[in-house]
Amino acid sequence: MDAPEEPTPWYRYWATDAEPDPEPDALFHVKHDDAEAAELAPVPEATVPPVVEATIAPVTEAAVVDEAPLEIALDDPADDAPPPTHFARGRVVTIANQKGGVGKTTTAVSLSAALAQFGARVLLVDFDPQGNASSGLGLRVQQGQPTIYHVLVGDVDIVDAIEPTSVRNLFVVPANGDLAGAEIELVSAFSREQRLRKALESVRGEFDVILVDCPPTLGLLTVNALTAGDGVIVPIQCEYYALEGLGALQRNADLIREQLNPELEVVGYLLTMLDARTRLSQQVVDEVEAHFGEQVFKTRIPRSVRLAEAPGFGQPITIFDPGSRAALAYTRLAREVLERLAASVAAEGAAT
Ligand code: ATP
Ligand code: MG
């Protein structure tokens, strides 16, 4: 019997930001001229900063508001509610945004620890050749140690690549630079987009939540991660051009839904590195919420030096500085994620 014909590797055409955008995208409106911005932008024109100023303006004193309406409340009665006990067994959640440095890995590490501290059994798959999620959890990949690369190319079973971490209930499949090779090695491999999904099949039942930390690209690794996911979390950094590139990510997700994984849902858009004192953050929050509405997590992650320091100690923020606002924010996010996953599991149950 002939092998089934392989689909065109379409992601190659979508994979780079260098590709000219075939049609103007509403999400890019901050980059359009003023007239277009007024037409496309859901926020009043006055709040959309002119592009020239946007690219050069540092945060000035004038941009710092007296009150801080975005400041995370330290005493929220919801925090005292008993921790969630019904976990969404075997849910795979991919953390993706091809933009670099928006907080994907910080979110993957902090959220996975917060989920584990609620009692969920969590597996974090480091799916980035930079290996930041592994090192952020204090893991140094040893020579010859199985990593996600070996799993993807079929050399080892994923079970043999899973490592415990210093956080109870939290496990990790580490990555290192070898993973960059997988992108090339798998180009001609059969069902190359489904490698991670298939690899996770055997361990899904062992975990409540499996988080996948993506690299900052839309290449084969991210395609694998989105194909494996039941859901995706998209961190968005609170800065100018926050929404840039999200059109391409959405188109990729749509194609993956059509061709590879109809189940893929958006778990939520997450605002990260929010500076409560700046008008800029307020503008980004307004803009992202105008675009994505209820899909934006209520929990926003504040900018926090402690979060930037934690990876240097190989600890998630909830262990490194449990009393910090950042730890509190990620703990609240964990609660929100569990609620959303439970709701989507319930909706699936009702539909079948
Ligand atoms: P990449 O695309 O390279 O994988 P990323 O999206 O995973 O990046 P991170 O590595 O999580 O982004 O974050 C980028 C940098 O910003 C890191 O130095 C991290 O410590 C820092 N950072 C992330 N979140 C915050 C925050 N809320 N406050 C302050 N610093 C942060
Ligand atoms: Mg990262």
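The exercises below, each with a worked solution, concern a predicted model of one protein chain.

**Exercise 1. Describe the chain as a whole: how many helices and strands does the chain have, and what share of its residues is buried?**

Begin with the secondary structure, where the chain shows 14 helices and seven strands. Turn next to burial, for which the value is 44% of the 352 residues in the chain. Finally, consider how the contacts are spread along the sequence: among those between residues at least 6 apart, 80% join residues that are at least 24 apart.

**Exercise 2. Work out the order of the strands in the sheet, and state which strands lie at its edges.**

The sheet is open, it has seven strands with mixed pairing, and reading across it gives the order β3-β4-β2-β5-β1-β6-β7. The edge strands are β3, residues 163–164, and β7, residues 265–272, since each of these pairs on one side only. As background, strands of a sheet pair through backbone hydrogen bonds, and they may do so in a parallel or an antiparallel way.

**Exercise 3. Follow the pairing of β1 with β5 and with β6, and then the pairing of β2 with β5.**

Take β1 and β5 as the starting pair: β1 covers residues 91–95, β5 covers residues 209–213, and the two strands are parallel, with five bridges between them. Individual partners can then be named, for Val-92 is bridged to Ile-210 of β5, Val-93 has Leu-211 as its partner in that strand, and Ile-95 stands opposite Asp-213.

Now move to β6, which runs parallel to β1 and is joined to it by three bridges. Here Ile-95 appears again, this time standing opposite Ile-233.

The last step concerns β2, residues 122–126, which pairs with β5 in the parallel sense over five bridges. In this pairing Leu-124 stands opposite Leu-211, the residue of β5 that is also the bridge partner of Val-93.

**Exercise 4. Decide whether the residues of β1 and β5 are buried or exposed, and sort them by the side to which they point.**

A general idea helps at the start: in a regular strand the side chains alternate between the two faces of the sheet. In β1, Arg-91, Val-93 and Ile-95 are found on one side, while Val-92 and Thr-94 are on the other, and all of them are buried, so that both faces are covered. In β5, Val-209, Leu-211 and Asp-213 point one way and Ile-210 and Val-212 the other way, and these residues are likewise all buried. The count for β1 is therefore five buried residues out of five, and for β5 five of its five residues are buried.

**Exercise 5. Describe how α14 is placed against the sheet and against α4.**

First look at the sheet: α14, residues 325–351, lies across β1, β6 and β7, and its direction makes an angle of about 165° with β7. Then compare the two helices, which pack at an angle of about 70° with their axes 8 Å apart. Because this angle falls in the range of 65 to 115 degrees, α4 is roughly perpendicular to α14. On the side of α4 the contact is made by Ser-110, Leu-111, Ala-114 and Leu-115, and on the side of α14 by Tyr-330, Thr-331, Leu-333, Ala-334 and Val-337. When these residues are sorted by character, seven are nonpolar, two are polar and none is charged.

**Exercise 6. Identify the residues that come nearest to ligand 1, and the helix that gives the most to the shell around it.**

There are 19 residues around ligand 1, and those that come nearest are Gly-100, Lys-104, Thr-105, Thr-106 and Pro-216. Two helices, α4 (104–117) and α12 (305–309), each supply at least two residues of this shell, and α4 gives the most, with three. By character the shell divides into seven nonpolar, nine polar and three charged residues.

**Exercise 7. Explain why Arg-257 counts as partly exposed, and describe its surroundings.**

Arg-257 belongs to helix α10, residues 246–259. It has 15 C-beta neighbours inside 10 Å and therefore counts as partly exposed, because a buried residue would need 20 or more and an exposed one 12 or fewer. Leaving aside residues up to four places away in sequence, Arg-257 touches Pro-262 and Leu-264. Its C-alpha atom is also separated by 9.0 Å from that of Leu-226, a residue 31 places away along the chain.

Definitions and conventions: Residues numbered from 1 in each chain as written. Chains lettered and ligands numbered in written order. Near = placed C-beta within 6 Å. Helix = DSSP H or I, 4+ residues; strand = E, 2+ residues; numbered from the N terminus. Nonpolar A, V, L, I, M, F, W, Y, C, P; charged D, E, K, R; others polar. Pairing = 2+ DSSP bridges. Contact = placed C-beta atoms within 7 Å. Axes fitted to C-alpha atoms, helices over the stretch in contact; angles between N-to-C directions. Parallel < 35°, antiparallel > 145°, perpendicular 65-115°, else oblique.
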